[in-house]
Amino acid sequence: MQYNHQEIEKKWQEFWAEKQTFKASNNSNKPKYYVLDMFPYPSGAGLHVGHPLGYIASDIYARYKRHKGFNVLHPQGYDSFGLPAEQYAIQTGQHPAKTTEVNIKTYRRQLDQIGFSFDWSREVRTSNPEYYKWTQWIFIQLFNSWYNKDADKAEDITSLISIFTKEGNKTVNAVCDDDIISFSSDEWNDFSSVKQEEILLQYRLTFLSDTEVNWCPALGTVLANDEIVNGVSERGGHPVVRKKMTQWSMRISAYAQRLLDGLQTIDWPQPLKDSQTNWIGRSQGAMVNFQVDEPTTNNQQPKTISVFTTRPDTIFGVSFMTLAPEHELVSQITTDEQRVKVKTYIEATAKRSERDRMADVKTISGAFTGAYAIHPFTGEKIQIWIGDYVLASYGTGAVMAVPCGDQRDYDFAKHFNIPIPNIFENVDISEAAHADKEGTVIANSDFLSGLKYKKALKLAIYEIEKRGFGYGKTNYRLRDAVFSRQRYWGEPFPVYYKDGMPQMIDAGYLPIVLPEVEKYLPTEDGKPPLGNADIWAWDTSANKVVANSKIDNTTVFPLELNTMPGWAGSSWYFNRYMDANNANEFASKEALDYWKEVDLYIGGSEHATGHLLYARFWQKFLFDKEIVPVDEFAKKLINQGMILGTSAFVYKTSVFVKNGCAIDKSNDDVIENIPTLFVSKTLFSSDDEFENVVKNYLLDKKLLHPNYADLVMITKNAIHADVSLVNASDELDIEGFKNHPLNQDYRDAAFITEKDNTFKVAREVEKMSKSKFNVVNPDLICEEYGADALRLFEMFLGPLEQTKPWKTSGISGVYSFLKKLWKLFYSGENLEISEEKPTKDELKTLHKTIKKVEEDIENFSFNTSVSTFMIAVNELTAQKCNKRKILEPLLVLISPYAPHIAEELWSQLGHTESISTVQFPVFEPKNLVESAKNYPISFNGKMRFTLELSLDLSKEEIEKIVMEHDKTKAQLQGRTPKKVIIVPGKIVNIVG
RNA sequence: GCUCAAGUGGCGGAAUUGGUAGACGCGCUGGAUUCAAAAUCCAGUUCUUUCGGGAGUGUGGGUUCGAUUCCCACCUUGAGUACCA
């Protein structure tokens, strides 16, 4: 019987589906293990071979853990809300739910054919109302919570209200908006309910606020910071501008420190941790208040400008202040003489987009306000400037400028001729600022003079606090996350508006299902797409969504028109898988307590600061609310590397008549019969050679008269050829190329080939993309070589975490491995298995394979275990081994990687149960014990020859044998060695 | 600019605590089988060589009996990030 992958793979995929082989139970006496992939967004293009890489790795691990006796949860689902489906809906009018459904079907078919051991009974889709019901529910929990800094956790809003009622807000230590009025309990109790709501909104973990947002006019929505790359939208590359809008936000900043601390407790890749650390951007320093120098009347306090600085030790180096152009004090302090200049400058900077500002860091610009501030320690008057190098969104939007210690301040001061006092001992600042901290000694700084950085820093903060100028403070770069999107295809908010204040719909009436709309575009008056819905109002007496016409603002109210962002549904889905079909709860307590967290999470590094940060934030919140039992959702995370395509290029010529050449005939005649020409890659190595090859061809074929040979100019350009038309030897299928639907223009092209009539293409590694004709579809691979070969080959390409190129030709290696494996069992048509006792060599092969494969899987080094299988099968073939005692354990070892062939051969061996839970073979060291070792004999560290020696020999005996050996004498050529190093069982090294 | 990762044959890559560099596979060369091709099998394949050997893991140093592996400096490539006070 021949190895027939198509038949076998179909058979076992049906078997697994029918028997629900991989269905995980929430009740088991086995230890649990939870393996998760980052779920895909089901795009219209389907999967290419790069996508399943991580899924294959996690599947191998999941299957391995089942062999190791674990109860494995390995689910899959779809992140099915998102922009592409909506953009498609806008263009075609097709409902996004419809196209999403079609795309999911394609994904499912593609995933199924690769033989993943997913428990599909737990599938989730973020766009499914049964799922987003709970996304809405979490939103309500966030709305009903505030962050108590004293307890360092989120608490129910009712605890805050009860404090307000009893004590007002003076004792409350909360993470909240900046501009909160202070009130007593009496004042609170006298506030109108709308006023109370307004105040509470400033404390809630999700809240409405007028924020500067990144507005993308082309997409008609706001974008989060992580959705913008280089100043343009991540999807589509559209420009982004800043705009003030009322938006829902998430108070993620409350969790900044805990998100940072939590990184210490999880086994995630360092680069990923680094980028989260960077994104959170903790910096320690001080808040310092500078008084504005202005005449004050009796009952008026002078204005103060607060700045945040990480270098309070350099406070005596302050020679001016800079405010962001948007700073609220600018208009109040600007003097009349400077007003025109300042106004002009502000207008000019407002026009510059974020992108311009980023692209143009070098240009120094600013304006003097005419106002002065008082230096808190020296009492000196310092100028107050505005400049766009100070960002309104960070810190207080103002800086104390220390030109001697900060390059930006330095450049600004130089440019505007502001003094640059030097406060460092023995440091030259004539060329540049001195930003180093370590080893620097402060000078000219009153009580700080003579101190080193660390001491000066401490003392400065101490004095600032003592004299009441400010206080030590830790700042975070992490901003609260905007949570509203002006889109259709996302989760609706469970929110209606009464007297302009948001109200939560009672959780019992969820889900609030996305309404039908005529058009997916914003309304004509600029409202989000949900503004097009006719039935989108909340009836508070009937507790249901009703027609907008019924809105009376007494019992029927308008519903929120924004939808949630893409990261809402993905921030908690890993918890849902634990109890995916629970209609009554987010997930049962029993399920959550049993599975706890993801043990292994595999996905792309592009989610470092988006999904992975938001998901950690929600998990910590849910933990505070005692909804989930752990505060980090994934113990270990691996980023799989990207798979690149290996593009193929063909060289096309263009033949022109050289400019200014006067000849009798019309120029066209010289070249009119010359077809489009392609030149095989190895025929030339330079442009000159290329030209000669083409010319000779033309002359030879009489397409060009020798008289005109010097009149033509030949140019070369490389164009992409579809990789499916190229074989393993880089030879192009010429007919296939000519007949390719996209190559209509080349139907009549001529090909200058090699001597053997082959045509070679050039290769280059590029990102896999349609436009580069290098996309490889796994469907075709599965058809031709099978899922097992695809799985093995994806792993064989190289280390999981590395970026690596795909070259389909290499798959023949793993395919013939599978055939060789098959042949160990089958001799011709017959299954031939021996029940005899294995030989020592056979046992050695098996056990070194067990050892290596187990180590490899534990280290996620899947590429090397594929090599190990190949070595094992090669050795067993050489040993002509067909013994059950060897082949059965071998099948178990291979089954996580190539499950179909393993199941098939396992059943051929007479087993009726799936191989998937058979115990993993146990390594027995006794099978690898050797009596002799082929010692490398080195001279000065260089191996020159090897010598088979018994392992029983002592160092002295080894030395004697080696020194007497002819080859040793030849190497030494009569010299006496200075030293002989002998490491028994390892090496002999002769020095001298 | 800053942070991180990585540089090994024609190519993907291996060498797990410092101990035979190039495992395994692709490609290539030669051979067997075949009418022929595919498939399969066998042998060879880092470079160089006067066939004894010599050199060799981005470059230059260092530690060591011994370095792809550890240390220092530099070069190159890739990724992330970017006026964060």
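Two residues count as in contact if their C-beta atoms, placed from the backbone, lie within 7 Å. That cut-off underlies the helix and sheet packing described below. The model itself is predicted.

Start with the sheet that helix 30 covers. Helix 30 spans residues 955-964 and lies across strand 34, strand 35, strand 36 and strand 37 (987-991). Helix 30 runs at about 125° to strand 36. The sheet is open and has 4 strands, in the order 35-34-37-36. Its pairing is mixed. Which strands stand at the edges? They are strand 35 (942-950) and strand 36 (979-983). Each has a single partner strand, so one side of each is left without a neighbour in the sheet. On average, neighbouring strands here are turned by 20° against each other, direction ignored.

One pairing in this sheet can be followed residue by residue. Strand 34 (residues 932-939) and strand 35 run antiparallel and are joined by 8 bridges. Ala 932 has Ser 950 in strand 35 as its bridge partner.

Now turn to a second sheet. It is also open, with 4 strands in the order 2-1-24-25. Here the pairing is parallel. Strand 2 (71-73) and strand 25 (634-639) take the edges, and each has a single partner strand, so one side of each lacks a neighbour in the sheet. The average turn between neighbouring strands is 20°, direction ignored. Strand 1 (residues 32-37) pairs with strand 24 (residues 598-603) in the parallel sense, over 3 bridges. Leu 36 stands opposite Tyr 601 in strand 24.

Helix 2 links this sheet to the next topic. It lies across strand 1, strand 2 and strand 24, and runs at about 170° to strand 1. Helix 2 (residues 52-67) also meets helix 24 (residues 787-796). A general point helps here. Two packed helices are described by the angle between their axes and the distance between the axes. For helix 2 and helix 24, the axes come within 10 Å and cross at roughly 100°. Helix 2 is therefore roughly perpendicular to helix 24. Pro 52, Leu 53 and Ile 56 in helix 2 meet Arg 791, Glu 794 and Met 795 in helix 24. By class, the residues of this contact are 4 nonpolar, no polar and 2 charged.

How do the axes of helix 25 and helix 29 cross? Helix 25 (residues 811-825) and helix 29 (residues 899-908) have axes that come within 11 Å and cross at roughly 5°. The two helices are therefore roughly parallel to each other. Helix 25 contributes Leu 818, Leu 821, Trp 822 and Phe 825 to the contact. Helix 29 contributes Ile 901, Leu 905 and Gln 908. The residues of this contact divide into 6 nonpolar, 1 polar and no charged.

Next comes the RNA. How many residues surround RNA strand B? There are 64, and the closest are Ser 729, Gly 798, Gly 813, Pro 936 and Gly 941. Helix 27 (residues 862-878) gives the largest share of the surface near RNA strand B, with 6 residues. By class, that surface has 21 nonpolar, 28 polar and 15 charged residues.

Last, the domains. The domain assignment of chain A gives domain 1 (283-476), domain 2 (494-561), domain 3 (643-766), domain 4 (785-927) and domain 5 (930-991). The C-alpha centres of domain 1 and domain 3 lie 64 Å apart.

Conventions. Residues are numbered from 1 along each chain as its sequence is written. Chains are lettered from A and ligands numbered from 1 in the order in which they are written. This is a predicted model: local features need pLDDT of at least 70, side-chain atom pairs count only at pLDDT 80 or more; totals for chains, interfaces and linings use all residues. Axes are lines fitted to C-alpha atoms, for helices over the stretch in contact, and angles run from 0 to 180 degrees between N-to-C directions. Angles under 35 degrees count as roughly parallel, over 145 as roughly antiparallel, 65 to 115 as roughly perpendicular and the rest as oblique. Ala, Val, Leu, Ile, Met, Phe, Trp, Tyr, Cys and Pro count as nonpolar, Asp, Glu, Lys and Arg as charged, and the others, Gly among them, as polar. A residue is near a molecule or strand if its C-beta atom, placed from the backbone, lies within 6 Å of it. Two strands pair if DSSP finds at least two bridges between them. Domain bounds come from an automatic or database domain assignment.
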